[in-house]
Amino acid sequence: EVTPKNFGRIAIQTAKQVIQQRIREAERDTLYADWSDRLGELVLGTVRNLDATGNVILSLGRAEALMPKSEQIPTEQYTRGQKLRTYIYDVEKTSRGPRIRISRTHRKLLRRLLESEIPEIYNGTVEIKAIAREPGSRSKVAVGSSQPGVDPVGSCVGMRGVRIQSVVNELNGEKIDVV
């Protein structure tokens with residue numbers, strides 16, 4: 001601890017403010033680095049706010065994410081405190097910290113949901129060839145298998161449709177056809 005004799009109250013206050021500002025900048029930089037690494041992932045968040053323009057703001061722990069009206073499923077109604085699984089499609093660095101943009105309509109959201117529910121897709125036994133999606137109403141997923149003896153459609157649907165049903169429930173009843 002050093003206190004120079006020519007340091008006045010104003011100089012001390014200025015030094016304190018500069019140090020606090022540098023700490024805040026470092027926190028924003030680390031937050032941006034953390035979220036830019038998670039680009040293209042699924043994230044679970046809580047609806048914090050609904051603004052007048054129809055955008056939804058999700059709380060993701062230490063950060064907040066914005067889901068624009070164009071990235072929302074038209075048939076879904078969002079309420080405060082509701083938990084949502086969304087897809088991170090953009091992370092932008094701003095002066096106020098990272099701006100995280102999320103989506104419920106992105107076709108890669110369906111791909112990530114299928115990967116999380118179906119181990120054959122996750123480990124590469126079954127491959128997703130293409131996805132066509134009309135958010136809120138229906139989706140079509142084309143799958144194939146490189147290994148002989150593996151039924152790609154059967155492994156995606158599961159016993160009595162139990163695997164695909166969990167994805168359908170996550171998307172609020174959106175019909176999913178596996179071909």
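**Exercise 1. Find the residue in strand 8 that stands opposite Val-141, then describe the sheet around this pair.**

*Solution.* Start at Val-141: facing it in strand 8 is Val-178. Strands here are DSSP runs of E with at least two residues, helices are runs of H or I with at least four residues, and both are numbered from the N terminus. Please keep in mind that this is a predicted model, in which local features need pLDDT of at least 70 and side-chain atom pairs count only at pLDDT 80 or more, while totals for chains, interfaces and linings use all residues. Residues are numbered from 1 along each chain as its sequence is written, and side-chain values use heavy atoms, with hydrogens and water left out.

Next, widen the view to the strands. Strand 7 (residues 138-145) and strand 8 run parallel and are joined by four bridges; two strands pair if DSSP finds at least two bridges between them. The open sheet has three strands in the order 6-7-8, with mixed pairing. Its edges are strand 6 (126-134) and strand 8 (175-178), each of which pairs on one side only. From one strand to the next, the twist averages 20 degrees.

Finally, look for a helix on this sheet. Helix 2 packs there and touches strand 6, strand 7 and strand 8 (contact means heavy atoms within 4.5 Å). The direction of helix 2 makes about 140 degrees with that of strand 6. For such angles, axes are lines fitted to C-alpha atoms, for helices over the stretch in contact, and the values run from 0 to 180 degrees between N-to-C directions.

**Exercise 2. Work out which residues have the most contacts inside the largest nonpolar core, and which elements build this core.**

*Solution.* A nonpolar core is a set of buried Ala, Val, Leu, Ile, Met, Phe, Trp, Tyr and Cys residues joined through side-chain atoms within 4.5 Å. Buried means under 20% relative accessible area, exposed over 50%, and partly exposed in between (1.4 Å probe, protein chains only).

The largest core has 20 residues, and those with the most contacts inside it are Leu-110, Leu-114, Val-141 and Ile-176. Two or more residues each come from helix 2, strand 6, strand 7, helix 5 (162-170) and strand 8. Helix 2 gives the largest share, four residues.

Now take Ile-176. Leaving aside neighbours within four places in sequence, Ile-176 is in contact with residues including Leu-110, Val-141, Ile-164 and Val-168. Apart from this core lies another, of 17 residues, among them Val-43, Leu-84, Ile-88 and Ile-102.

**Exercise 3. Identify the bridge partners of Ala-65 and Val-91 in strand 5.**

*Solution.* For Ala-65 the partner in strand 5 is Ile-100. For Val-91 the partner in strand 5 is Ile-100. Going up to whole strands, strand 3 pairs with strand 5 in the parallel sense over two bridges, whereas strand 4 pairs with strand 5 in the antiparallel sense over seven bridges. Strands 4 and 5 form a hairpin, with two residues between them. Strand 5 is mostly covered, as five of its seven residues are buried.

**Exercise 4. Explain what the salt bridge between Glu-76 and Arg-104 ties together, and set other salt bridges beside it.**

*Solution.* A salt bridge is a side-chain nitrogen of Lys or Arg within 4 Å of a carboxyl oxygen of Asp or Glu. This rule gives 14 of them. In the pair Glu-76 and Arg-104, N and O are 2.6 Å apart. Glu-76 lies in the loop between strand 3 (64-67) and strand 4 (83-94) and Arg-104 in the loop between strand 5 (97-103) and helix 2 (107-117), so the pair ties together parts that are 28 residues apart in sequence. Glu-76 is buried at 7% relative accessible area, and Arg-104 is buried at 1%.

For a second pair, turn to helix 2. Arg-112 and Glu-115 meet at 2.9 Å, N to O, and being three residues apart in the helix, they are separated by about one helical turn. Arg-112 is partly exposed, at 29%.

A third pair is Lys-129 with Glu-127, at 3.6 Å between the closest N and O atoms. Lys-129 is exposed at 53%, and Glu-127 is partly exposed at 43%. Lastly, salt bridges link Asp-90, Glu-92, Arg-99 and Arg-101 in a network.
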